[in-house]
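Reader: I am new to this structure and would like a close look at one part of it, namely the charged side-chain pairs. Please describe them carefully and then set them against the rest of the chain.

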Amino acid sequence: SLTLYRNLLRSAQRFSNYNFREYAFRLTRDDFRSSQQATGADAERAYQRGTEQLESLKRMVVVSEMYPQGKHAMD
């Protein structure tokens, strides 16, 4: 579970756009905090959802790298 969390954060870090990057960080942190106390079948579903989000996040990063945007004021 901790490995999945780290992989999600690493993938989010690859976004060059500040808004996308911060949204991915916030979504990852919120999802892991909400499922932290899950056990049994709920924990399995949370892990499955996390792996699906990781694959989706990787695809989004690839697309965002194909179409780079200018620097954000927060960068």
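## The charged pairs and their setting

Author: If a salt bridge is taken as a side-chain nitrogen of Lys or Arg within 4 Å of a carboxyl oxygen of Asp or Glu, the count comes to 2 salt bridges. The structure is a predicted model, in which local features need pLDDT of at least 70 and side-chain atom pairs count only at pLDDT 80 or more, while totals for chains, interfaces and linings use all residues. Residues are numbered from 1 along each chain as its sequence is written, and side-chain values use heavy atoms, with hydrogens and water left out.

One of these bridges joins Glu-65 to Arg-14, with 3.0 Å between the closest N and O atoms. This pair links distant parts of the chain, 51 residues apart, since Glu-65 belongs to helix α3 (residues 41-66) and Arg-14 to the loop between α1 (2-13) and α2 (18-34). Helices here are DSSP runs of H or I with at least four residues, strands are runs of E with at least two, and both are numbered from the N terminus. Glu-65 counts as partly exposed because its relative accessible area is 44%, and Arg-14 falls into that class at 46%; for these classes, buried means under 20% relative accessible area, exposed means over 50%, and partly exposed lies in between, with a 1.4 Å probe and protein chains only.

The other bridge pairs Asp-42 with Arg-45, whose closest N and O atoms are 2.3 Å apart. Both of these residues lie in helix α3, where a spacing of 3 residues, about one turn of the helix, separates Asp-42 from Arg-45. Asp-42 is partly exposed, because its relative accessible area is 44%.

To place these pairs, it helps to have the whole chain in mind. The protein chain has 3 helices and 0 strands, which follow one another along the sequence as α-α-α. Its C-alpha atoms fill a box of roughly 45 × 20 × 15 Å along the principal axes, and of its 75 residues 23% count as buried. Where contact means heavy atoms within 4.5 Å, residues 24 or more positions apart account for 73% of the contacts with a separation of 6 or more.

Next comes the nonpolar side of the picture. In soluble globular proteins, nonpolar side chains tend to be buried together. A nonpolar core is defined here as a set of buried Ala, Val, Leu, Ile, Met, Phe, Trp, Tyr and Cys residues joined through side-chain atoms within 4.5 Å, and the largest one has 10 residues, including Leu-4, Leu-8, Phe-32, Leu-54, Leu-57 and Val-61. The helices α1, α2 and α3 are the elements that give two or more residues to this core.

Leu-8, in helix α1, is classed as buried because its relative accessible area is 1%. Leaving aside neighbours within four places in sequence, Leu-8 is in contact with Thr-28, Phe-32, Gly-50, Gln-53, Leu-54 and Leu-57. On the same basis, Leu-54 touches Leu-4, Asn-7, Leu-8 and Ser-11. Ser-11 is also placed in helix α1, is buried with a relative accessible area of 7%, and has Leu-54, Leu-57, Lys-58 and Val-61 as its contacts beyond four places in sequence.

Helix α3, which holds Glu-65, Asp-42 and Arg-45, has further residues to consider. Ser-64 is found in this helix and counts as buried because its relative accessibility is 14%; its side chain reaches the backbone oxygen of Val-61 at 2.9 Å. Ala-46, too, lies in helix α3 and is buried at 15% relative accessible area, and its C-alpha is 8.4 Å from that of Phe-32, although the two are 14 residues apart in sequence.

Finally, there is the largest pocket, with a volume of about 330 Å³. Of the 16 residues that line this pocket, Ser-1, Asp-31, Phe-32, Ser-35 and Gln-36 lie nearest its centre. The elements giving two or more residues to its lining are α1, α2 and α3, and the largest share, 6 residues, comes from α3. A pocket, found on a 1 Å grid over the protein atoms alone, is an open set of points where a 1.4 Å probe fits, with protein on both sides within 12 Å along at least five of seven lines, and lining residues have an atom within 4 Å of a point; the grid points are joined across faces, edges and corners, and the volume is the space filled by probe spheres set on them.

Terms used
Polar contact = N/O pair within 3.5 Å; in protein donor to acceptor, adjacent residues only side chain to side chain.
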